[in-house]
Amino acid sequence: MSAQSVANEIDNAEEVRARLYVRGQALIREVNEQIHRLDPEWTSEGGRCSIICECVNSECLAALQIPSQVYAAVRRFPTRFVLAPEHVADAFERVVEDGGNYVVVEKIGAAAGLAVRLDPRRIGAVNDGNRAG
Ligand SMILES: [Zn+2]
């Protein structure tokens, strides 16, 4: 096996891992979005809302209290997720906002494109027309 093909294998493994992670994160994002959609009062409680940690660990169900406006702002970017500060996976995402008890991360590399494709707001926009948010 040549050095080049070994390098490609490593690249592929990283990409597979990145895709697996972002699928898990996109799933949690969808859960958060569903809760948000079913309960319009959700975000009004004292200007804060409770969400499930959107980290790469698909078994993490940590609850985070974040300002409602932060949640709304994050959801305008399909590549961004909200998670507990100690759950950041440096190889796959970078912190763009540190809120103390939570951080906002942006996906980097191969995972970013997939995060966009799996965004329920984009999928929703296709399915049920214009949802002003
Ligand atoms: Zn987590």
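**Exercise 1.** Leaving aside its neighbours within four places in sequence, with which residues is Val 22 in contact?

*Solution.* Begin with the model itself, which is a predicted one. Once the neighbours of Val 22 within four places in sequence are set aside, its contacts are Lys 107, Ala 111, Leu 114 and Ala 115. Next, place these residues among the elements: Val 22 is listed with the buried residues of H1, while helix H3 covers residues 110–117 and strand S5 covers residues 103–107.

**Exercise 2.** Find how many residues the largest nonpolar core has, and which elements give two or more residues to this core.

*Solution.* The largest nonpolar core has 22 residues, and those with the most contacts inside it are Tyr 21, Val 22, Val 82, Leu 83 and Ala 111. Two or more residues come from each of H1, strand S1 (48–52), helix H2 (68–74), S3, S5 and helix H3 (110–117). Among these elements, H1 gives the most to this core, with 4 residues.

**Exercise 3.** Work out what span helix H1 should have, and compare it with the distance between its end C-alpha atoms.

*Solution.* Helix H1 takes in residues 3–38, which is 36 residues, and at 1.5 Å a residue it should span 52 Å. The expected span is found by multiplying 1.5 Å by one less than the number of residues. The end C-alpha atoms of H1 are 52 Å apart, which agrees with the expected span.

**Exercise 4.** Decide whether His 36 is buried, partly exposed or exposed.

*Solution.* His 36 belongs to helix H1, but the list of buried residues there is Ala 18, Tyr 21, Val 22, Gln 25, Ala 26, Ile 28, Arg 29 and Asn 32. A residue needs 20 or more other C-beta atoms within 10 Å to be buried, and it is exposed at 12 or fewer. Because His 36 has 18 C-beta neighbours inside 10 Å, it counts as partly exposed. In space, His 36 lies 9.2 Å from Cys 49, C-alpha to C-alpha, although the two are 13 residues apart in sequence.

**Exercise 5.** Describe how the residues of strand S3 point, and in which sense S3 pairs with strand S5.

*Solution.* In strand S3 (residues 80–83), Arg 80 and Val 82 point one way, whereas Phe 81 and Leu 83 point the other way, and all are buried. The pairing of S3 with strand S5 (residues 103–107) is antiparallel and runs over 4 bridges. Within this pairing, Leu 83 is found opposite Val 103 of S5.

Technical notes: Residues numbered from 1 in each chain as written. Predicted model: local features only at pLDDT ≥ 70, side-chain atom pairs only at ≥ 80, totals over all residues. Pairing = 2+ DSSP bridges. Core = buried A, V, L, I, M, F, W, Y, C linked by C-beta atoms within 7 Å. Contact = placed C-beta atoms within 7 Å.
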